[in-house]
Amino acid sequence: MGPLVIGVDSSTQSTKALVVDSETGQVVAHGQAAHVVSTGGRRESDPEQWWEALGAALAACGPPAREAAAIAVGAQQHGLVTLDAGGRPVRPALLWNDVRSAAQRDRLVTELGGPKGWAERTGSVPVASFTVTKWAWLTEEEPDSAAATAAVRLPHDYLTERLTGEAVTDRGDASGTGWWDAATETYDSATLEHVGLSPDRLPRVLRPGEAAGTVRADGLPVPRGALVAPGTGDNMAAALGLGLSAGQPVLSLGTSGTVYAVSAHRPADPTGTVAGFADARGDWLPLACTLNCTQAVDRIAALLGRYREEVRPGGTAVVLPFLDGERTPDLPHASGLVHGLRHDTTPGQVLQAAYDGAVHALLTALAEVSGPDADPGAPLLLIGGGAQGAAWRETVRRLSGRAVQVPRAQELVALGAAAQAAGLLLDEDPAAVARRWSTAEGRTYEPLERDDATLERIGAVLADAGALLRRAG
């Protein structure tokens with residue numbers, strides 16, 4: 001057995017920790033603890049919960065955690081964590097799927113160069129998920145909270161700093177803030193000045209392969225002095241966990257849905273469909289993200305009184321499951337929409353239409369995300385909780401017309417963090433570590449004939465309902 005490392009996935013709903021053999025990739029221990037997230041129009045979470053959940057998840061790993069030589073944290077992107085001068089949260093963190101900052105987003109895009117200017121500068125046209133829009137919202141809606149803020153962090157930054165005492169982040173997670181210049185790979189002073197945020201309140205951006213520090217926190221069931229890798233955002237960690245090669249497309253089906261691929265070329269999409277994120281290794285991770293995926297479809301199944309797999313083919317219904325507003329397409333004020341019901345429409349057909357609506361936007365962005373080097377005949381890697389569901393797999397196969405490969409490895413965000421920790425410890429490329437662990441291997445499902453009629457029907461409803469879906473309130 002090689003040295004043990006720990007990979008952490010601090011997601012929207014819970015924190016998971018894996019203890020992994022750095023040589024073989026064998027998971028020798030696993031722990032998990034839940035978070036509480038507010039509901040209604042707010043999506044907020046107390047960062048102290050994340051720290052407590054990290055301790056609980058590590059404790060659940062038992063003795064192997066106390067033998068680990070290195071640790072890294074992957075976490076949900078974009079969240080705004082505000083800390084006072086003593087390092088305590090000023091208020092609950094605004095999470096990625098809190099879209100109350102839509103008005104501030106609109107204003108910032110206009111005031112700072114329009115979509116083209118934003119794409120050229122940061123790689124992305126910001127949406128209401130991005131951190132910069134949340135900070136602008138806070139300064140307008142809660143000026144006392146903004147004034148009390150001595151430090152601004154992302155979720156993974158917060159946990160890494162609690163572990164090490166060092167105020168650091170990585171290029172992958174920093175690229176989703178809206179205040180990181182993708183061309184220079186530094187914070188953008190003009191954007192920060194415009195939103196009234198001093199750069200000295202932000203963490204230092206580590207280079208790939210640079211250590212964040214060592215474990216200095218007391219009371220955790222991990223060795224003091226264990227090496228701490230930079231960590232990164234959840235999508236960047238999952239890309240590491242798969243050991244992705246350039247152009248290999250990934251569809252991740254979780255609370256949010258994402259489609260992404262590693263690229264050697266810096267993306268800059270002025271339409272805003274593709275976010276030009278950096279990855280955690282020195283390359284790029286063009287990505288499209290939806291706010292509504294498995295959780296939204298499960299909610300529709302519950303409303304219909306159906307089990308999530310009780311879908312039926314056929315019918316004319318179109319369901320746009322935009323229950324939390326939407327990011328792709330960019331409709332932050334949208335709500336769910338059902339169109340095309342007939343007397344003979346069955347609940348199973350409506351549920352299938354919800355799956356179709358959730359997958360449609362991800363596949364629309366697939367070509368732009370994959371890039372010119374992609375093999376259009378290569379299987380789509382399908383990950384996340386939805387990848388384990390037959391209804392999700394069959395929907396992706398039918399609407400993409402491509403084969404689907406489902407990796408056997410689970411908890412890819414935590415595995416990616418573990419690969420980063422192992423790469424730092426062993427002085428290896430973390431993606432090469434993951435490939436040695438064979439994390440992407442799994443069952444392949446052959447392609448189905450693409451269902452162009454359904455794709456066209458969804459696209460037509462989206463176009464016709466545009467004004468309704470953009471209406472606030």
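Strands, like helices, are taken here as DSSP runs, a strand having at least two residues, and they are numbered from the N terminus. The exercises below concern a predicted model.

**Exercise 1. Work out where valine 228 lies and whether it is buried or exposed.**

Step 1. Valine 228 belongs to strand β14, which covers residues 227-228, and a run of at least two residues is enough for a strand.

Step 2. The relative accessibility of valine 228 is 1%, and because buried means under 20%, this residue counts as buried.

Step 3. Setting aside neighbours within four places in sequence, the residues in contact with valine 228 include Ile71, Thr160, Leu163, Ala211, Val215 and Leu424.

Step 4. Although valine 228 and alanine 70 are 158 residues apart along the chain, their C-alpha atoms are separated by 5.6 Å.

**Exercise 2. Describe how strand β2 is joined to β1 and β3, and find out how many of the residues of β2 are buried.**

Step 1. Strand β1 (residues 4-10) pairs with β2 in the antiparallel sense over seven bridges, and a hairpin of three residues connects β1 to β2. Within this pairing, aspartate 9 stands opposite lysine 16 of β2.

Step 2. β2 and β3 also run antiparallel and are joined by seven bridges. Five residues lie between β2 and β3 in their hairpin, and glycine 25 in that turn has a positive phi of about 80 degrees.

Step 3. In a regular strand the side chains alternate between the two faces of the sheet. In β2, Ser14, Lys16, Leu18 and Val20 are buried on one side, while Thr15, Ala17, Val19 and Asp21 are buried on the other.

Step 4. Eight of the eight residues of β2 (residues 14-21) are therefore buried, so this strand is largely enclosed by the rest of the structure.

**Exercise 3. Follow glycine 31 from its strand to its contacts, asking which residues it touches.**

Step 1. Glycine 31 is located in strand β3 (residues 27-34), where it is the bridge partner of alanine 17.

Step 2. With a relative accessibility of 2%, glycine 31 counts as buried.

Step 3. Not counting residues up to four places away in sequence, glycine 31 touches Thr15, Lys16, Ala17, Ala57, Ala60 and Cys61.

Step 4. Arginine 105, by contrast, is 74 residues from glycine 31 in sequence and 38 Å from it in space, C-alpha to C-alpha.

**Exercise 4. Determine how helix α9 is oriented against helix α14, and which residues meet.**

Step 1. The axes of α9 (residues 234-242) and α14 (residues 412-426) come within 7 Å and cross at roughly 70 degrees.

Step 2. Since angles of 65 to 115 degrees count as roughly perpendicular, α9 and α14 are roughly perpendicular to each other.

Step 3. Among the residues that meet are Asp234, Ala237 and Leu240 in α9, and Leu412, Leu415 and Gln420 in α14. Sorted by class, the contact of α9 with α14 has eight nonpolar, three polar and one charged residues.

**Exercise 5. Identify which residues touch the most other members of the largest nonpolar core.**

Step 1. In soluble globular proteins, nonpolar side chains tend to be buried together.

Step 2. The largest nonpolar core has 59 residues, and Trp135 and Tyr260 touch the most other members. The largest share of this core, 10 residues, is contributed by α14.

Step 3. Another core of 40 residues lies apart from it, with Ala29, Val37, Val168 and Leu291 among them.

Terms used. Residues are numbered from 1 along each chain as its sequence is written. Side-chain values use heavy atoms; hydrogens and water are left out. Helices (H or I, at least four residues) and strands (E, at least two) are DSSP runs, numbered from the N terminus. Buried means under 20% relative accessible area, exposed over 50%, partly exposed in between (1.4 Å probe, protein chains only). Contact means heavy atoms within 4.5 Å. Axes are lines fitted to C-alpha atoms, for helices over the stretch in contact, and angles run from 0 to 180 degrees between N-to-C directions. Angles under 35 degrees count as roughly parallel, over 145 as roughly antiparallel, 65 to 115 as roughly perpendicular and the rest as oblique. Ala, Val, Leu, Ile, Met, Phe, Trp, Tyr, Cys and Pro count as nonpolar, Asp, Glu, Lys and Arg as charged, and the others, Gly among them, as polar. A nonpolar core is a set of buried Ala, Val, Leu, Ile, Met, Phe, Trp, Tyr and Cys residues joined through side-chain atoms within 4.5 Å. Two strands pair if DSSP finds at least two bridges between them.
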